[in-house]
Amino acid sequence: MAPAPLSDQLDIIIPTIRALDFLEQWRPFFQPYHLIIVQDGDPTKTISVPEGFDYELYNRNDIERILGDKAWCISFKDSACRCFGYMVSKKKYVYTIDDDCFVAKNPSGEDINALEQHIKNLLTPSTPDFFNTLYDPYAPGADFVRGYPFSMREGKPTAVSHGLWLNIPDYDAPTQMVKPTERNERYVDAVMTIPKGTLFPMCGMNLAFDRDAIGPAMYFGLMGEGQPWGRYDDMWAGWCVKKITDHLDLGVKTGLPYIWHSKASNPFVNLKKEYKGIFWQEEIIPFFQKLTLSPDNKDVFSCYLELAEKVRSGLGHLDPYFTKLADGMVAWIECWKKLNP
C-alpha cells in the first residue's frame with residue numbers, strides 16, 4: 001500500500017467534549033497521522049480515544065499551564081478552542097474536523113478520503129486573480145479555458161482548502177428554523193478558487209490549511225462562555241484569513257471534499273448564540289470589504305497585528321467586545337510566537 005500523503009507533515013485537530021468513537025469510521029484514513037485533541041469544558045472528564053491512534057490531548061488546565069496569563073484568548077465552552085491545536089502543532093499542514101462528521105460516500109458509493117482531497121487542493125495552485133469557468137484547472141481532466149491569460153496559468157500557492165458537507169447543512173438558526181428537515185443531498189464534483197476581493201463564510205468542521213503560510217491568522221476569536229456571541233468563530237477567522245491571503249497573494253479553494261455531517265444543533269440554542277452576530281455581521285462584512293492592509297506588511301504576523309488595530313478602531317463602536325477581541329488577537333499572536341519561536 002502506498003504511504004499516506006504528507007503523513008509526517010500534517011496534524012489532524014479535533015475539538016471535543018465526548019468520547020471519540022467517530023474515529024473508528026475514519027481509521028483507514030486518519031490512522032497514519034498525528035492527532036491533536038483539544039478537550040473543551042470540564043477538564044476532569046476523561047475523553048476516550050479508540051486504540052491505535054497516535055495523539056496528544058490538551059484540556060483547559062493544559063491551556064492555562066502553557067499560555068499562562070494569556071490563556072484567556074482561547075475560547076472556553078466553544079469549538080473555537082480548536083485553534084489552540086493550531087498553535088501547538090509543529091507541522092506544516094493542519095486538517096480540522098468536528099466529532100459529528102463521518103465518512104461520506106461519492107455518487108458511486110465509495111468512501112471519500114476527505115484528507116487526501118484536501119491535500120490535493122493544498123498542493124496544487126489556486127487562481128484567485130482570474131476565474132476559470134471550468135472550476136479547478138489543475139484537477140484531472142480539466143484545464144484552463146480559451147481566453148485565460150497564459151501569464152496567469154501558474155496560479156498562486158494555496159493556503160486554505162475549505163471542504164463541504166452532505167446531510168445536515170451548515171445553516172444559521174433562522175434558516176434552520178424554517179427548513180428543519182432540509183438535507184444537502186447534492187454532490188457537486190468541483191473545486192474552485194474563491195476570487196480575490198471576495199469574502200466567504202468559512203466553516204471550521206471540514207477545513208485544511210497551510211499552517212506555515214496562514215496559521216497565525218486562523219484565530220477563531222473569543223466565543224463561548226462569558227462572550228456575547230457564538231457560532232461566528234470560524235466566520236471571524238475566515239474573514240481575517242481571506243483579507244490576508246488576498247494581500248499576500250495566496251489562494252483559498254472551496255468545494256470537494258465532502259464529509260457526512262450527522263448532527264443538527266438546536267436552532268433555539270443557536271439563535272441565542274448567534275443573535276448579536278446576525279446584526280453585527282451587517283456592519284462587520286462591509287468593514288472587512290473596505291479594509292486595506294499596508295503594503296509594508298509582507299508577512300502574516302504583521303498583517304494580523306494591523307488587522308487587530310483596525311478591528312479596535314473600526315468596530316469598537318459596535319460593542320466594547322470588539323476592543324477585547326482586538327486584545328485577544330494580539331495576545332494570540334504573542335502566544336503563537338512564544339510557542340513557535
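Me: A crossing of two helices is left-handed if the near helix is turned anticlockwise from the far one by less than a right angle, and right-handed if clockwise. In this predicted model, is the crossing of α9 and α10 left-handed or right-handed?

Reply: Helix α9 covers residues 300–315 and helix α10 covers residues 321–339. They pack at an angle of about 165 degrees, with axes 8 Å apart. An angle over 145 degrees counts as roughly antiparallel, which makes α9 roughly antiparallel to α10. The crossing of the two is left-handed.

Me: How many residues in the contact of α9 with α10 are nonpolar?

Reply: On the α9 side the contact includes Phe301, Tyr304, Leu305 and Leu307, and on the α10 side it includes Phe322, Met329, Trp332 and Trp336. Charged residues also take part, among them Glu309 and Arg312 of α9 and Asp327 and Lys337 of α10. By class the contact has four charged residues and one polar, and the nonpolar ones number 14.

Me: How does α8 lie relative to α9, parallel, antiparallel, perpendicular or oblique?

Reply: Helix α8 (residues 267–290) packs against α9 at an angle of about 130 degrees, with the axes 11 Å apart. The range 65 to 115 degrees counts as roughly perpendicular and angles over 145 as roughly antiparallel. The angle of about 130 degrees fits neither, so α8 is, relative to α9, oblique.

Me: Which residues of α8 make the contact with α9?

Reply: The crossing of α8 and α9 is right-handed. From α9, the contact takes in Leu307, Lys310, Val311, Gly314 and Leu315. From α8, the residues are Ile284, Phe287 and Phe288.

Me: How many charged residues are in the contact of α7 with α9?

Reply: The helices α7 and α9 pack at about 125 degrees with axes 11 Å apart, which makes them oblique, and their crossing is right-handed. Trp236, Cys240, Ile244 and His247 of α7 meet Val300, Cys303, Tyr304, Leu307, Val311 and Leu315 of α9. By class, nine of these residues are nonpolar and one is polar, and the number of charged residues is none.

Me: Which kind of ring pair do tryptophan 26 and phenylalanine 29 form?

Reply: The count of aromatic pairs comes to 27. In this one the ring centres are 6.4 Å apart and the planes stand at 65 degrees. Planes over 60 degrees apart count as edge-to-face, so the pair of tryptophan 26 and phenylalanine 29 is edge-to-face.

Me: Which residues of helix α1 are buried?

Reply: Tryptophan 26 has a relative accessible area of 0% and phenylalanine 29 one of 16%. Buried means under 20%, so tryptophan 26 counts as buried and so does phenylalanine 29. The buried residues of α1 pack against β1, β2, β4, β5, α4 and β9. The full list for α1 is Leu23, Trp26, Arg27, Phe29 and Phe30.

Me: Which residues do ring pairs link into a cluster with Trp229?

Reply: Both tryptophan 229 and tyrosine 321 are buried. Besides Trp229, the cluster linked by ring pairs holds Tyr232, Trp236, Trp239, Trp280, Phe287, Phe288, Tyr321 and Phe322.

Me: Is threonine 127 buried or exposed?

Reply: Threonine 127 sits in the loop between α4 and β6. Not counting residues up to four places away in sequence, threonine 127 touches Pro137, Tyr138, Phe144, Tyr148 and Thr193. Its relative accessible area is 7% and the cut-off is under 20%, so threonine 127 is buried.

Me: How far apart in space are lysine 243 and leucine 293, C-alpha to C-alpha?

Reply: Lysine 243 is in helix α7 and is buried, with a relative accessible area of 15%. Leaving aside neighbours within four places in sequence, lysine 243 is in contact with Leu199, Phe288, Gln289, Leu291 and Leu293. Lysine 243 and leucine 293 are 50 residues apart in sequence, and their C-alpha distance is 8.2 Å.

Methods
Residues numbered from 1 in each chain as written. Predicted model: local features only at pLDDT ≥ 70, side-chain atom pairs only at ≥ 80, totals over all residues. Heavy atoms only, no water. Axes fitted to C-alpha atoms, helices over the stretch in contact; angles between N-to-C directions. Helix = DSSP H or I, 4+ residues; strand = E, 2+ residues; numbered from the N terminus. Parallel < 35°, antiparallel > 145°, perpendicular 65-115°, else oblique. Contact = heavy atoms within 4.5 Å. Nonpolar A, V, L, I, M, F, W, Y, C, P; charged D, E, K, R; others polar. Phe/Tyr/Trp six-rings, centres within 6.5 Å; stacked < 30°, edge-to-face > 60°. Buried < 20%, exposed > 50% of the residue type's maximum accessible area, 1.4 Å probe, protein only.
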